[in-house]
Amino acid sequence: MAAAAAAAEEEAANSMFTRPKCSTTTSPNLYVANCGPTVGLSLETISSVFSAFGLVTGVHAADDTGARVIVCFSDTTAAQAAYQALNGNPCPQLRGRTLRMRFSLPKLPAKVQDNDSLSVFLLASELAIPGIYLVHDFITPEEEEVLLAAVDASPWKSLAKRRVQHYGYEFLYETRNVDARQFLGNLPSFVSFVLDKISSFPEPANNKCRLMDQLTVNEYPSGVGLSPHIDTHSAFDELIFSLSIAGPCIMEFRKYPQGTWYPPGGTVADMEGVNFIRKAIYLPPRSMLLMSGEGRYAWHHYIPHHKVDVVKGQSIKRASRRVSFTFRKVRRGPCRCEFQQCCDSQRGSNVERSCPPLETSQ
Ligand SMILES: O=C(O)CCC(=O)C(=O)O
Ligand SMILES: [Fe+2]
């Protein structure tokens with residue numbers, strides 16, 4: 001399994017830049033966190049503020065959160081000056097935000113991934129990951145239309161590459177968690193019939209709590225995916241339901257060997273050479289995926305950034321958009337799962353340690 005090639009592909013899909021191996025390396029490019037369109041700072045504004053230090057040749061989204069950018073200067077001296085002046089200090093010209101910065105290097109061209117080596121299954125029983133279930137035709141085409149009309153009548157929040165809506169509790173991309181004290185209100189009535197169906201979902205054991213109180217709606221344009229991640233254990237209870245509508249995609253699951261852990265502040269590039277098990281499943285519109293147990297706690301899930309997915313030898317074009325409804329239950333108290341290697345509650349809550357790489361964030 002070509003772990004390095006896969007890692008290169010997902011990084012390339014999100015950013016053309018990567019963290020230097022050595023923390024003292026400087027470069028003309030700065031990775032700037034806490035800065036970007038989702039925190040009210042346009043790329044033009046950022047460019048003009050950084051221009052005070054030298055010629056800015058480009059400002060790019062660093063990932064799909066919209067809150068981290070790469071500022072490229074024509075030379076290293078200008079980048080160093082900007083770093084000295086702005087790193088860690090509130091910046092009045094940028095709405096007083098405190099920027100977190102480091103130098104960033106252009107990535108080598110990504111290797112072409114051998115997609116053929118990855119079988120995409122149609123059924124969860126073929127995927128055979130404990131705790132992963134898929135129900136086809138969970139809702140009817142008419143119900144799908146109702147859900148689409150409802151979310152299209154509600155305000156979207158734009159991230160760098162996709163749009164989102166949050167209900168119940170806002171999902172905070174910076175910390176990959178929620179503020180459990182900030183209840184936004186009950187889930188909207190247009191999802192009541194989905195919640196009813198969830199309560200009679202065939203698997204897993206019926207005694208697990210299914211009272212979902214957080215909903216994230218994601219809208220992915222064709223070709224846009226989602227970086228590999230495990231939903232933060234301390235943020236959400238075990239069961240995660242994700243309903244696909246409007247268009248299909250494939251979802252890949254990855255399991256790293258026992259003992260693998262993201263190094264503090266590490267990136268996917270740091271993980272190159274670490275082999276992982278890789279399996280994928282096709283998610284057709286109107287299907288409901290349940291992630292529970294090992295599949296929820298110990299496997300990363302990932303939507304490749306493809307315009308076409310190859311499923312059982314057949315090319316399936318992504319639709320102009322896929323919309324997903326992810327239902328979760330906010331966790332009260334620490335996670336006590338048996339997958340400690342992946343559990344931020346049990347390994348410490350340092351975001352840099354417990355999360356996938358900053359530049360390929362969820
Ligand atoms: O779009 C999906 O089906 C998955 C979304 C997801 O993994 C998440 O919001 O954490
Ligand atoms: Fe997720």
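**The iron ion and ligand 1 in a predicted model**

Tutor: In this predicted model, the iron ion (ligand 2) has as its protein donors H229 (NE2), D231 (OD) and H301 (NE2), lying 2.1 Å from it.

Student: What makes these atoms of H229, D231 and H301 donors of the iron ion?

Tutor: A donor is an N, O or S atom within 2.8 Å of the metal. The atoms named lie 2.1 Å from the iron ion, and therefore they meet that cut-off.

Student: Which spacing do the donors follow along the chain?

Tutor: Their spacing is H-x1-D-x69-H. Distant parts of the chain are linked by the pair D231, in the loop between β15 and β16 (240-245), and H301, in strand β20, 70 residues apart.

Student: Why is the approach of H301 to ligand 1 called a polar contact?

Tutor: An N or O atom in the H301 side chain is 2.9 Å from an oxygen atom of ligand 1. The limit for a pair of N or O atoms is 3.5 Å, so the pair qualifies. D231 likewise has a side-chain N or O atom 3.3 Å from an oxygen atom of ligand 1, and for a polar side-chain atom of H229 the distance is 3.1 Å. Of the 290 Å² of accessible area that ligand 1 has on its own, the protein covers 98%.

Student: Where does ligand 1 sit, and which strand gives the largest share of its shell?

Tutor: Ligand 1 occupies the largest cavity. Its surroundings comprise 14 residues, with Y220, S242, H301, R322 and S324 the closest. The largest share, four residues, comes from β23. By class, the shell has four nonpolar, seven polar and three charged residues.

Notes. Residues numbered from 1 in each chain as written. Chains lettered and ligands numbered in written order. Predicted model: local features only at pLDDT ≥ 70, side-chain atom pairs only at ≥ 80, totals over all residues. Heavy atoms only, no water. Near = heavy atom within 4 Å. Polar contact = N/O pair within 3.5 Å; in protein donor to acceptor, adjacent residues only side chain to side chain. Areas by Shrake-Rupley, 256 points an atom, 1.4 Å probe, with all protein chains shown as cover. 1 Å grid on protein atoms, 1.4 Å probe; cavity = no way out; pocket = protein on both sides within 12 Å on 5 of 7 lines; lining within 4 Å. Sits in = over half its atoms within 2 Å of the grid points. Helix = DSSP H or I, 4+ residues; strand = E, 2+ residues; numbered from the N terminus. Nonpolar A, V, L, I, M, F, W, Y, C, P; charged D, E, K, R; others polar. Donors = N, O, S within 2.8 Å, 3.2 Å for Na, K, Ca; no water.
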